[in-house]
Amino acid sequence: MVDSNELRRAIREDRKLRLLYRSDTGEETERIVWPIIPGYGEATRLIVAWCELRQDFRHFRTDRMIEIEVLEATNGLRKGDLRRRWERWCEEQRSRSGH
């Protein structure tokens, strides 16, 4: 299990994270993500983040995180901008799905 304090620190300080992540199929990938907020699924904890690899917002389950590293690099945005972008993205997704 990863240290949730480190996840929260990365969010609070707008730091990028390097994740070693295991997919649902067992494939391990390394990702650089810009964490936005912690969250909860039906039975799992997760973080919402911008994924540099996928160039999109993604949810990453903490139980699939093998290793994390809080990087010195920041996301380069003004405080709150990344969250506002994610909120607009959520609205667009809801509009597309008719909800």
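**Core, pocket and cysteines of the predicted model**

Leu19 touches Thr29, Glu30, Arg31, Val33, Phe60, Met65, Glu67 and Ile68, with residues up to four places away in sequence left out of the count. The structure described here is a predicted model. Leu19 sits in strand β1. The residue counts as buried because its relative accessibility is 0%. Arg64 offers a view of the fold around Leu19. The two residues are 45 apart in sequence, yet their C-alpha atoms lie 9.8 Å apart in space.

Leu19 also belongs to the largest nonpolar core, which has 14 residues. Leu7, Leu17, Leu19, Val33, Ile47, Phe60 and Met65 are the members that touch the most others. Four elements give two or more residues to this core. They are α1 (4–12), β1 (15–22), β3 (45–51) and β5 (65–74). A second core is separate and holds ten residues. Among them are Ile37, Leu46, Leu82 and Cys90. Two residues named among the best-connected core members, Val33 and Phe60, are also on the contact list of Leu19. Met65 is another such residue, found both in that core group and among the contacts of Leu19.

The largest pocket was examined next. Its space comes to about 160 Å³. The lining consists of Tyr21, Ser23, Glu27, Thr29, Arg31, Arg54, Arg58, His59 and Phe60. By class, four of these residues are charged, three are polar and two are nonpolar. Strands β2 (28–40) and β4 (56–61) each supply at least two lining residues. Strand β4 gives the most, with three. The pocket lining and the surroundings of Leu19 overlap. Thr29, Arg31 and Phe60 line the pocket, and Thr29, Arg31 and Phe60 are also touched by Leu19. Phe60 has a further role in the packing, as one of the residues that touch the most other members of the largest nonpolar core.

The cysteines were checked for disulfides. The count is zero. A disulfide requires two cysteine sulfur atoms within 2.5 Å. The cysteine sulfur closest to that of Cys51 is in Cys90, 16 Å away, so the gap is too far for a bond. The result is the same from the other side, because the sulfur closest to that of Cys90 is in Cys51, also at 16 Å. Both side chains were then assessed for burial. Cys51 counts as buried because its relative accessibility is 0%. Cys90 has 14% relative accessibility and therefore also counts as buried. Cys90 is one of the residues of the second nonpolar core.

Backbone geometry picks out two loop residues. Most residues other than glycine have a negative phi. Asp14 is not a glycine, yet its phi is positive, at about 55 degrees. Asp14 lies in the loop between α1 and β1. With 18% relative accessibility, Asp14 counts as buried, because the limit for that class is under 20%. Beyond its neighbours within four places in sequence, Asp14 is in contact with Ala73, Thr74, Asn75 and Lys79. Gln55 is the other case. Its phi is positive too, at about 50 degrees, and Gln55 is likewise not a glycine. Gln55 is placed in the loop between β3 and β4.

Key
Residues numbered from 1 in each chain as written. Predicted model: local features only at pLDDT ≥ 70, side-chain atom pairs only at ≥ 80, totals over all residues. Heavy atoms only, no water. Buried < 20%, exposed > 50% of the residue type's maximum accessible area, 1.4 Å probe, protein only. 1 Å grid on protein atoms, 1.4 Å probe; cavity = no way out; pocket = protein on both sides within 12 Å on 5 of 7 lines; lining within 4 Å. Points joined across faces, edges and corners; volume = space filled by probe spheres on them. Nonpolar A, V, L, I, M, F, W, Y, C, P; charged D, E, K, R; others polar. Core = buried A, V, L, I, M, F, W, Y, C linked by side-chain atoms within 4.5 Å. Contact = heavy atoms within 4.5 Å.
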